[in-house]
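Here is a short set of exercises to work through with the model open in your viewer. Try each task before you read its solution.

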Amino acid sequence: MNAESAISVETHTNCDHERVENITRAGRHMAFRNIDGLPIPAEVALPTCTACGTWFLNRESALTLEAAMTPVYVRELAGKAKTALAELAEQDIKQRDIEPLLGLSAGYLSKVRNDRTEPSGLLTAALMLLAVHPQMRTGELKGLWPAGAQSSLRDDRLKAIGKTLQIRNAVASTQGVRLPAELFIPEAQTAKNDSSANPSVPTHASPKQERVA
Ligand SMILES: [Zn+2]
């Protein structure tokens, strides 16, 4: 068997592997990415020696196997993440307290818990580690992220600040304050033009120029 054309999953036998056929069957397992012992869907056909059971994966069967195992892996990750979150909740660790420590947006872990998003292998691993000693490891993480743990500049607050700036720009534009063009908000301009005392005048000029005139 040519190592370049096929990956043989060798078991050390004296078998000559004379008959390799595409076999489907239940009860097969494999390590996939970082999880061992995942069940291979029964319907997946793998080139297999009928005498000793060794697989000989060519490119096509390797791709088929990868496509079949990915959803199995994703389901397993989700299950492990949810188990870890349940263990953290039992120890009174709040999801909203973990989210900033892991760089997640508010509510993200609720989505994981409710199957509305798929956790990555990294996130799942972090949650599993936290769940082993919830209080101690959450405390350690806070110590390692002193700025992140104490910061008040979370995503939702930044968005609120951004909105305040937009409102200020809109007010500034109606008051004729000179601001860079990109800071003007189209809605504010439209509202001003609608209330113009002289709507018949072509309004190619910017609002601030009208005000000066
Ligand atoms: Zn064989």
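Two residues are in contact here if their C-beta atoms, placed from the backbone, lie within 7 Å. Keep in mind that this is a predicted model.

**Exercise 1. Get the overall picture**

Work out how many helices and strands the protein has, what share of its residues is buried, and what share of the contacts between residues at least 6 apart joins residues at least 24 apart.

Solution. Start with the secondary structure: there are nine helices and six strands. Next comes burial, and buried residues account for 11% of the 213 residues. Then take the contacts between residues at least 6 apart in sequence; 62% of them join residues at least 24 apart.

**Exercise 2. Find the largest nonpolar core**

Say how many residues the largest nonpolar core has and which of them have the most contacts inside it.

Solution. The core has 13 residues. Those with the most contacts inside it are Ala81, Ala84, Leu85, Leu88, Leu127, Leu130 and Ala131. Now ask where they come from: α1 (59-90), α3 (108-113) and α4 (121-132) each supply at least two residues of this core. For a close-up, pick Ala81. Setting aside neighbours within four places in sequence, Ala81 is in contact with Val112, Pro119, Leu123, Thr124 and Leu127. As background, nonpolar side chains tend to be buried together in soluble globular proteins.

**Exercise 3. Take α4 apart**

Check the span of α4 against what its residue count should give, then work out how its buried residues are arranged around the axis.

Solution.

1. Length. The expected span is 1.5 Å times one less than the number of residues. For the 12 residues of α4 that should come to 16 Å, and the end C-alpha atoms are 17 Å apart, which agrees.
2. Burial. Leu123, Thr124, Ala126, Leu127, Leu130 and Ala131 are the buried residues in α4.
3. Direction. Looking down the axis, the buried residues of α4 fall within an arc of 160°, so they line one face of the helix. The general rule helps here: an α-helix has 3.6 residues a turn, so residues three or four places apart point the same way.
4. The other side. Leu122, Leu129 and Val132 are exposed, on the face of α4 turned away from its buried side.
5. The cover. Among the things covering the buried residues of α4 are α1, α2 and α5 (134-144).

**Exercise 4. Pack α4 against α5**

Decide how α4 and α5 are oriented to each other, and which residues meet.

Solution. The two helices pack at an angle of about 120°, with their axes 5 Å apart. Angles of 65 to 115 degrees count as roughly perpendicular, and those over 145 as roughly antiparallel. The angle between α4 and α5 fits neither class, so the pair is oblique. At the meeting point, Leu129, Leu130, Ala131 and Val132 in α4 meet Pro134, Arg137 and Thr138 in α5.

**Exercise 5. Sort some residues by burial**

Buried, partly exposed or exposed: classify Thr48, Leu65, Leu101 and Pro100.

Solution. You need the cut-offs: 20 or more other C-beta atoms within 10 Å means buried, 12 or fewer means exposed, and anything in between is partly exposed.

- Thr48 sits in strand β5 (residues 46-49). With 23 C-beta neighbours inside 10 Å, Thr48 is buried. Not counting residues up to four places away in sequence, Thr48 touches Val20, Glu21, Ile23, Gly53 and Trp55.
- Leu65 belongs to helix α1. Its 20 C-beta neighbours inside 10 Å make Leu65 buried. Beyond four places in sequence, Leu65 is in contact with Val44, Leu46 and Leu57.
- Leu101 is in helix α2 (residues 95-101). It has 18 other C-beta atoms within 10 Å, so Leu101 is partly exposed. The C-alpha atoms of Leu101 and Trp145 are 7.1 Å apart, with their positions 44 residues apart along the chain.
- Pro100 also lies in helix α2. With 18 C-beta neighbours inside 10 Å, Pro100 is partly exposed.

**Exercise 6. Look at two positive phi angles**

Find where His17 and Asp115 sit, and give their phi angles.

Solution. His17 is in the loop between β1 (7-9) and β2 (20-23). Its phi is positive, about 50°, although His17 is not a glycine. His17 is partly exposed, with 16 other C-beta atoms within 10 Å. Asp115 is in the loop between α3 and α4, and has a positive phi of about 60° without being a glycine. Asp115 is exposed, with 10 other C-beta atoms within 10 Å.

Note on methods
Residues numbered from 1 in each chain as written. Predicted model: local features only at pLDDT ≥ 70, side-chain atom pairs only at ≥ 80, totals over all residues. Helix = DSSP H or I, 4+ residues; strand = E, 2+ residues; numbered from the N terminus. Core = buried A, V, L, I, M, F, W, Y, C linked by C-beta atoms within 7 Å. Arc of directions from axis to C-beta. Axes fitted to C-alpha atoms, helices over the stretch in contact; angles between N-to-C directions. Parallel < 35°, antiparallel > 145°, perpendicular 65-115°, else oblique.
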